[in-house]
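Colleague: Could you take a close look at one part of this model for me, the cysteines and what surrounds them? I'm new to this, so please walk me through it slowly.

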Amino acid sequence: MFGAKVAVVSRVLSGCGVYDGTEIHEASAILVHLSRGGAEVQMYAPDISQMHVIDHSKGQPAETESRNVLSESARIARGNITDLTKLSVSNHDAIIFPGGFGAAKNLSTFAVDGPDCQVNKDVERVIKDFHKAGKPIGLCCISPVLAAKLLPGVEVTVGHEEEEGGKWPYAGTAQAVKALGAKHCVKDHYEAHVDQKNKVVTSPAFMCETQLHLIFDGIGAMVSNVLKLSGK
């Protein structure tokens, strides 16, 4: 419709590949739902070295390799990506963080330090800036731990709190979320939780072992609520 407002959404990536960077299926699903929602997307990543490189065919560290988070994230962004230092809240209506171990290894040290983790200074800056500006923040999979660390009392979901025979292999993350001072809300893989007060929207995504289309639907719920909260 002529004259309709378009939401400008920033998306922060953490590399390329589930075990040492961004979860690629989640990254793609977010883009599809943002496109369907009529949003304009701008992608960012920190210009830093990865914590390590994982050979995804073996699930083992590639000891002699090193990779850059921005360069690796550019693969997902088809080259159209900017250093996170240049992200300004004033130019965007919302921000979204896909999951993947990169959120816990490159954007923070959660994978190593748990609740005692440190968050990358630019990741901390943008999350706090969007929160202060009252602009929505979307996170899925493991990335809600970033909000739990930085926003006292925030409500997030990483899915269920019990492994349930392996269906929720990362269920222990819920206890870490609580240890960080956040409130954990149990949600299924196809759902999203909306913290209306803090304008934080989270979805479990690949914290659950389930069918891809159900994860796609949960990410869609997260994206649609982010866009709704943006008012665009």
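**A close look at the cysteines**

Modeller: Let's start with C117, which is buried, with a relative accessible area of 2%. Keep in mind that this is a predicted model. A search of the whole structure turns up 0 disulfides. C117 is in no disulfide either, and the nearest cysteine sulfur, that of C141, is 15 Å away. A disulfide needs two cysteine sulfur atoms within 2.5 Å, so 15 Å rules that pair out.

Now move to C141. Its closest cysteine sulfur belongs to C140, at 6.3 Å, and that is too far for a bond. C141 also counts as buried, because its relative accessibility is 7% and the cut-off for buried is under 20%.

C141 turns up again in the largest pocket. That pocket holds about 280 Å³ of space. Its lining is made of 17 residues, and C141 is one of those nearest the centre, along with V18, F101, Y170 and F206. Sorted by class, the lining has 12 nonpolar, 3 polar and 2 charged residues.

One more spot to visit is S108, in the loop between helix 3 (102–105) and helix 4 (110–113). S108 is buried too, with a relative accessible area of 3%. A polar atom of its side chain lies 2.9 Å from the backbone oxygen of A103, and the S108 side chain also reaches the backbone nitrogen of F110 at 3.3 Å. Leaving out residues up to four places away in sequence, S108 touches A103, Q118, V119, N120 and L146.

Notes:
Residues are numbered from 1 along each chain as its sequence is written. This is a predicted model: local features need pLDDT of at least 70, side-chain atom pairs count only at pLDDT 80 or more; totals for chains, interfaces and linings use all residues. Side-chain values use heavy atoms; hydrogens and water are left out. Buried means under 20% relative accessible area, exposed over 50%, partly exposed in between (1.4 Å probe, protein chains only). On a 1 Å grid over the protein atoms alone, a cavity is a set of points where a 1.4 Å probe fits but cannot get out, and a pocket is an open set with protein on both sides within 12 Å along at least five of seven lines; lining residues have an atom within 4 Å of a point. Grid points are joined across faces, edges and corners, and a volume is the space filled by probe spheres set on the points. Ala, Val, Leu, Ile, Met, Phe, Trp, Tyr, Cys and Pro count as nonpolar, Asp, Glu, Lys and Arg as charged, and the others, Gly among them, as polar. Helices (H or I, at least four residues) and strands (E, at least two) are DSSP runs, numbered from the N terminus. A polar contact is a pair of N or O atoms within 3.5 Å; within protein, one must be able to donate a hydrogen and the other to accept it, and residues adjacent in sequence count only if both atoms are side-chain atoms. Contact means heavy atoms within 4.5 Å.
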